[in-house]
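Biologist: Got a minute to go through this one with me? I'd like to ask a few things and hear how you reason from the coordinates.

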Protein chains: 2
Amino acid sequence: MKFFQTWQGACITDGITGEFFPAQVPGNIQNDYAKAFSWGDVNYADNCKQYEALEDYAWLYRTELIYEQNEGERIFFVTYGIEYEYDILLNHKKLLHHTGMFSKVELDITDELKNGTLLEIYLYPHPKREGADPCRDQADQSCKPAVCYGWDWHPRLLVSGIFDETFIETRTDASITFCEPSYQLSEDFKKADLHFEIDCGETVSISLYSPDGQCIYEGTSHDIHLEDVALWWCNGQGKANLYRYQVRSSRDTIEGHIGFRHIRLGMNGEHAWNYPSEFPKSRSYPPITIELNGRPIFAKGSNWVNPEIFTATITEPLYEEQLQLAKDANMNILRCWGGAIVNKEYFFELCDRLGLMVWQEFPLACNNYVGTPDYLAVLEQEATAIIRRIRRHPCHVLWCGGNELFNGWSKMTDQSLALRLLNKLCYEYDREKPFIPTAPIMGMGHGHYLFYDQESKQSVFELFRQSDNTAYSEFGIPSIAPMEILEKVLPPELIQTPTPDTAWETHMGYNAWTPDSWLCLGIIDELFGKQTCIEDYIEKSTWTQCEGLKCVFEEARRQKPHCSMAINWCYNEPWNNVAGNSLLRYPTLPQPGYYAVRDALRNVMPSARIEHFSYEAGETLCAELWLLNDSDSEVSQTVRVYLEINGQKEPVLTWETGTIPANTNKKGHKIQIELPQNAPTQAIILHLEADCGNSSYKLLLKATKQEEINQHRLNV
Amino acid sequence: MKFFQTWQGACITDGITGEFFPAQVPGNIQNDYAKAFSWGDVNYADNCKQYEALEDYAWLYRTELIYEQNEGERIFFVTYGIEYEYDILLNHKKLLHHTGMFSKVELDITDELKNGTLLEIYLYPHPKREGADPCRDQADQSCKPAVCYGWDWHPRLLVSGIFDETFIETRTDASITFCEPSYQLSEDFKKADLHFEIDCGETVSISLYSPDGQCIYEGTSHDIHLEDVALWWCNGQGKANLYRYQVRSSRDTIEGHIGFRHIRLGMNGEHAWNYPSEFPKSRSYPPITIELNGRPIFAKGSNWVNPEIFTATITEPLYEEQLQLAKDANMNILRCWGGAIVNKEYFFELCDRLGLMVWQEFPLACNNYVGTPDYLAVLEQEATAIIRRIRRHPCHVLWCGGNELFNGWSKMTDQSLALRLLNKLCYEYDREKPFIPTAPIMGMGHGHYLFYDQESKQSVFELFRQSDNTAYSEFGIPSIAPMEILEKVLPPELIQTPTPDTAWETHMGYNAWTPDSWLCLGIIDELFGKQTCIEDYIEKSTWTQCEGLKCVFEEARRQKPHCSMAINWCYNEPWNNVAGNSLLRYPTLPQPGYYAVRDALRNVMPSARIEHFSYEAGETLCAELWLLNDSDSEVSQTVRVYLEINGQKEPVLTWETGTIPANTNKKGHKIQIELPQNAPTQAIILHLEADCGNSSYKLLLKATKQEEINQHRLNV
């Protein structure tokens, strides 16, 4: 039996415990404090800055335990995670000191309960490495998610508290305290040897149900052989088949599911071993193609980040809404990035059901996590807990040490002890699962994060056509948030006047990455000319975000099999930024960019490799036609091409693709369209129409200087 | 007390044990068999092929044990290694089954000795993976050195037997059965905390002597703190300081040495983190600069390979002679390549003393060692034994998974379980030592192995000037063996007529790598014109080997710090090849190429980056002048440049280098010399003379067609 408690919290300053206030569990104590003292909405204007005052406090949780104890039962305090360093005290007696928020604690408190029921949890102040600047650097000796120390889409706001499910549990020898199924698939993936590891003092009975609900096993053996296994497939490749099980003792029933699937990383195409070909010869690119049940999968999806600043308060409906939207956008993978939290169980259960593959990073991001003995000890404990919890989920396909650790801003290397330790732990606890030390590794690319690079004068149209990475695990195009959100987070007087050092900057409009990001008004001015109101900037930035994301996703797909992955930065956001790269606005509002990505990720679709986004009147628009096929079936399409200009849709040509094998793209004609000399500046649209669905690309045609003058005269 | 035994051997065919013959221990049973039955010298003509008949035999070693046992002593059978799979039987009773030649076995046989003293070792036939072709592929599921299955410088000749020291030992509780010092250096490398791990049933006393022979500790503590530590340095950077210790129980005395030094891999130059600079951005190159006691070292040396076909018969004098020659050649590192054996203890002791750093690979080379449970189990046992034995040696600076595993001919990847296991084991047992999964890794290069590439029409002069690898861990230029060796290994009638399918081919003159290698007569014909006798071919191939090796070593050094390593293929050879890339001819005969390398590896030297090896009359010879400084001191030199042509040495210019910091090169003038129009084909020599020593480069000047005709007329 589990008994959930009612908690209070208080802050401790200079050793003095303040006034107690109600505390949500799971929850973040800073959130509770702000609610108790009626602070304003953290999402509004500069309110988030108020939390800086709380940074170096200690905190106390307390509760008088309420539970029922029957004859022979032991009483346990169980927590799935408390952020970050804490003591557990019962009747003022310290029972445990613990560092790390991802490791479960199970504490037998039966004997101490005879002396009283006052349970307290003392939270130490947030870890901050001595001497580090007040930014993510402070997190480089801890396993706390670095993002709350400030990121280019997340305000600095340090949170802690009882992070995950926490309760009092009564147990006997008949309690099932551990239950994990594992299996070995036969080489043809048709048979499975299933094994249950179970901790229970008595014999348990096991029931197993096939994905269609049939009971296929009932008995007490922990080893079950299955024939004709219905495999788990990711979204777009087949059903996410799950077998359900029940394990029962006289006291407990544990339920769960199993998805049978085989995962490995394969080389990026058959020819990958032929490179490099010249002497002196280096190594071949490492494999990064996800092979699911032997089938190479083009991994397409997005980077998942904290959906809440107060990460402990994430609700199941929020997970449900976000993940269903990811599936609906034809995604098959989410990268759970190392700066963020490791998600709670429900996230992985949903991904199992929805067929969303999960790339899980350990909590290391953009820092040099030096392998000191203290750090390695906590990392080993936390990583072990993370691996042992997540490995069983069929959705989980890849371990990764953390984000951008082999780049100049992190300065970790293959020799870093922390990463070698993670490799070792993954080998020990989940050896059949691929492990990469960081992203990007050799061959992979991160960036660009802008539609247009003002220095090189290149848009993503030019940039990605020339790049040849094996995987694009981060790239993004920012847009300005819609008016409804600007109105929600900005003081009204600021809305038409974007200004640094105001709430525009707090909400990442300026100086988030470069001085101009993420509003990037300068880019819009350079591409489209000076705009007159914020609504026009929003429109242009939304346009470039949509076309830019389509361009990169489709280009990456066209480079298959040399490229096997496209994962944009990023999917969601933890509050409302005024501008940024996410596809969903906080909490779950899909942006036009979301729908553009959804279109670009359809399994079978016509696609155009277009040379440029922007054309001068009289220029020639060149584009290669492609049919993209990520499906497991052969396809054949008739693709009709039109150009819409001056509001008129003119036919260009019709392409009969012929039969294209499963999981293979086909390149078609290269079209060349002379654009009119005397046209006003306008959007022109290239339409590709086919039975499998249409694709369209909204490009910019700019009038010549003379034509601009003519138009101006006409208008006057 | 150790008691060495006299052994006999016999081969077993179809379960029937043949005639016994004397067996050398340590030794290879195939060698003993050949001696017993008076086979011809394995090094001569095609004699090596005779051994193919022995490949699938089992073998039996036997001895009647002779030893003295005192009251209270236990009797152990101890072996440091038997190749490869074997049973140990005492009085026909099987005591142990073991697979793997690098793990020590210590077997208490006291009780069984009451029944008799007949010790037998049954060797199973060589491992050959079922279905594999008769080449190194057969070794891809074992930890046996792959080289004996055939390589481009090693005949196929499979050996096995009692590989390392093997004896009967009497022990009591006072025996010291394990003793290993380890230490932690302070951050400034000045202080050391030394710890002895010792297995002995009684208190032992420890004496410690400084490198100058002073006793600096005498006592029974296993923990000793040292101040002002004299560090161990590699050749060319300082003294290879060794502290000696004695550990004494009432029964045993163990002696050994300790070299205090700190090792890490650093990035290749300060700017390495700035690359890559463009979006989409991949990772930076991994570090491969050896930093010894905080000082970046340009690692220069050679690839060490088996110095004997019968690897178990390597003698201490052979090790001594080869390693002293390596030191004399200004080398500071040897790469012990994964296809070869892991050397015996004495090799590492010598390298400790001589200041030769050792890059040690595990026994994996040019194969896909699939991580089956059986293979991983043996690999874990063998690798653990290798790590725990070698880690203590100051000479040992780098662990490497094996040779060229991330290339198309091996097809292993970062995901291969065998390599992840090795990384894990090195982390567990020797975590402060760098580990790389294979060579080459990203940034590093292997090859070329020819002076001149007939397809691209490039010599190494053009090739390496354009390459920009971080390390050149293999490259080679072949030469033909001198007449004295050809006369030793070839039937006399063959010497002037190199022919495929004869002993010329057996000894790697043809079809070793390409059809033409390693004689490479076609290359000589293309560069120099058709030669008339084997002596002329020898002369030309020696010339190109010397100039080619100097060119690559010096070019790699000029690319410092972006490049930090140059290690040629290869140092030695296991028998006499008629042609090949080694610097020493079997067993220890330095070639002209050896002396060229010795010159190119001087710490401080003038060097020329010369555009081409071969010039037409009238062409311009262009070369950049450099002063190379790998020393720890600043230098300043006057470099006088001369060109020797038609036997005349003409001054070109004098370059005052000015002061050049320690461990830094300086680029000087670019000289341009117009070569005469009317010169006969000849060698011309560029001389660079300086107080630190002279450098010279022997280049080829080819007469124009017309000049050739003129010369011909003159001669006629």
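Biologist: Is A:Leu621 buried or exposed?

Modeller: Keep in mind that this is a predicted model. A:Leu621 sits in strand β40 of chain A, which spans residues 620-629. Leaving aside neighbours within four places in sequence, its contacts include A:Leu643, A:Ile671, A:Ile673 and A:Leu699. The cut-off for buried is under 20% relative accessible area, and A:Leu621 has 0%, so the verdict is buried.

Biologist: How far apart in space are A:Leu621 and A:Val105?

Modeller: In sequence, 516 residues separate A:Leu621 from A:Val105. Going C-alpha to C-alpha, the distance between A:Leu621 and A:Val105 is 63 Å.

Biologist: What kind of axis relates the two copies?

Modeller: In general, two copies of a chain are related by a rotation about an axis and a shift along it. Here chain A lands on chain B after a rotation of 180° with a shift of 0.0 Å along the axis, and the RMSD is 0.0 Å. The copies are thus related as by a two-fold rotation axis.

Biologist: And which residue of chain A comes closest to the rotation axis?

Modeller: First, how the copies meet: 100% of the interface residues of chain A are also interface residues in chain B, so they use the same surface. As for the axis, the C-alpha at 2.4 Å from it, the closest in chain A, belongs to A:Lys424.

Biologist: How much space lies in the largest cavity?

Modeller: Rolling a probe the size of a water molecule over the atoms shows where empty space is left. That gives 9 cavities of 30 Å³ or more. The largest cavity holds about 500 Å³.

Biologist: Which elements give two or more residues to the lining of that largest cavity?

Modeller: The lining has 30 residues, and those closest to the centre are A:Asp414, A:Pro437, B:Asp414, B:Asn423 and B:Pro437. By class, the lining splits into 18 nonpolar, 6 polar and 6 charged residues. The elements giving two or more are α5 (417-430) and β28 (435-436) of chain A, along with α5 (417-430) and β28 (435-436) of chain B.

Biologist: How many residues of helix α3 of chain A are buried?

Modeller: The buried ones in α3(A) include A:Tyr346, A:Phe347, A:Phe348 and A:Asp352. The buried residues of α3(A) pack against several elements of chain A, among them α2 (316-328), β26 (357-361) and α4 (373-390). The helix is mostly covered, and the count is 7 of 10.

Biologist: Which residue comes before A:Pro26 in the cis peptide bond?

Modeller: Most residues other than glycine have a negative phi, and most peptide bonds are trans. A:Pro26 is in the loop between β4 (21-23) and α1 (29-36) of chain A. The bond there is cis, with omega about -5°, and the residue joined to A:Pro26 is A:Val25.

Biologist: Is A:Asn330 buried, partly exposed or exposed?

Modeller: A:Asn330 is in the loop between α2 and β25 of chain A, and its phi is positive, near 65°, though it's no glycine. Buried needs under 20% and exposed over 50%. A:Asn330 has a relative accessible area of 26%, so it comes out as partly exposed.

Note on methods. Residues are numbered from 1 along each chain as its sequence is written. Chains are lettered from A and ligands numbered from 1 in the order in which they are written. This is a predicted model: local features need pLDDT of at least 70, side-chain atom pairs count only at pLDDT 80 or more; totals for chains, interfaces and linings use all residues. Side-chain values use heavy atoms; hydrogens and water are left out. Copies are superposed by least squares on the C-alpha atoms of residues with pLDDT of at least 70 in both. Contact means heavy atoms within 4.5 Å. Helices (H or I, at least four residues) and strands (E, at least two) are DSSP runs, numbered from the N terminus. Buried means under 20% relative accessible area, exposed over 50%, partly exposed in between (1.4 Å probe, protein chains only). On a 1 Å grid over the protein atoms alone, a cavity is a set of points where a 1.4 Å probe fits but cannot get out, and a pocket is an open set with protein on both sides within 12 Å along at least five of seven lines; lining residues have an atom within 4 Å of a point. Grid points are joined across faces, edges and corners, and a volume is the space filled by probe spheres set on the points. Ala, Val, Leu, Ile, Met, Phe, Trp, Tyr, Cys and Pro count as nonpolar, Asp, Glu, Lys and Arg as charged, and the others, Gly among them, as polar.
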